[in-house]
Amino acid sequence: TWMDGFFEETGVGNEKGISPKEIALQMINNKQLFVWGNPKPMAMVAMGGSTPKGVRVHSVYTPSDKRGQGYAKAVVAALSEM
């Protein structure tokens, strides 16, 4: 559901024609998709790979009812420290 929301709200295209659910499952299986909880899931972020000074971050998403509370910032910061 969150990946659906991410694609819909950002207007990011899905050139491969893979469903958002399949994309999320692939990212989970590849250990690229992370969820921030407090204790329930509040935001997600995906990692595109390592760089010399950190990681590439993409697909940052917080559902609209949870926005404005720093969850996306927290999940990006946590991923950046990996």
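1. A good place to start is S59, which is buried, with a relative accessible area of 10%. That value earns the label because buried means under 20% relative accessible area. Please keep in mind that this is a predicted model.

2. S59 is found in strand β3, which covers residues 54-61. The side chain of S59 makes a polar contact with the side chain of H58, at 2.8 Å. Setting aside neighbours within four places in sequence, S59 is also in contact with F6, M27, M44, V45 and A46.

3. Next, the neighbouring topic of strand pairing. β1 and strand β2 (residues 41-51) run antiparallel to each other and pair over five bridges. A hairpin of three residues joins β1 to β2. If you would like a bridge to look at, G37 has P41 in β2 as its partner.

4. You may also enjoy the second largest pocket, whose volume is about 160 Å³. Its lining consists of T1, W2, M3, D4, P20, K21, A24, I28, L33, V35 and M44. The elements that each give two or more residues to this lining are α1 (2-10), α2 (20-29) and β1 (33-37).

5. Which element gives the most to the lining of the second largest pocket? That is α2, with four residues. By class, the lining of this pocket has eight nonpolar residues, one polar residue and two charged residues.

6. One residue links the two topics: M44 is among the contacts of S59, and M44 also lines the second largest pocket.

Key. Residues numbered from 1 in each chain as written. Predicted model: local features only at pLDDT ≥ 70, side-chain atom pairs only at ≥ 80, totals over all residues. Heavy atoms only, no water. 1 Å grid on protein atoms, 1.4 Å probe; cavity = no way out; pocket = protein on both sides within 12 Å on 5 of 7 lines; lining within 4 Å. Points joined across faces, edges and corners; volume = space filled by probe spheres on them. Nonpolar A, V, L, I, M, F, W, Y, C, P; charged D, E, K, R; others polar. Pairing = 2+ DSSP bridges. Buried < 20%, exposed > 50% of the residue type's maximum accessible area, 1.4 Å probe, protein only. Polar contact = N/O pair within 3.5 Å; in protein donor to acceptor, adjacent residues only side chain to side chain. Contact = heavy atoms within 4.5 Å.
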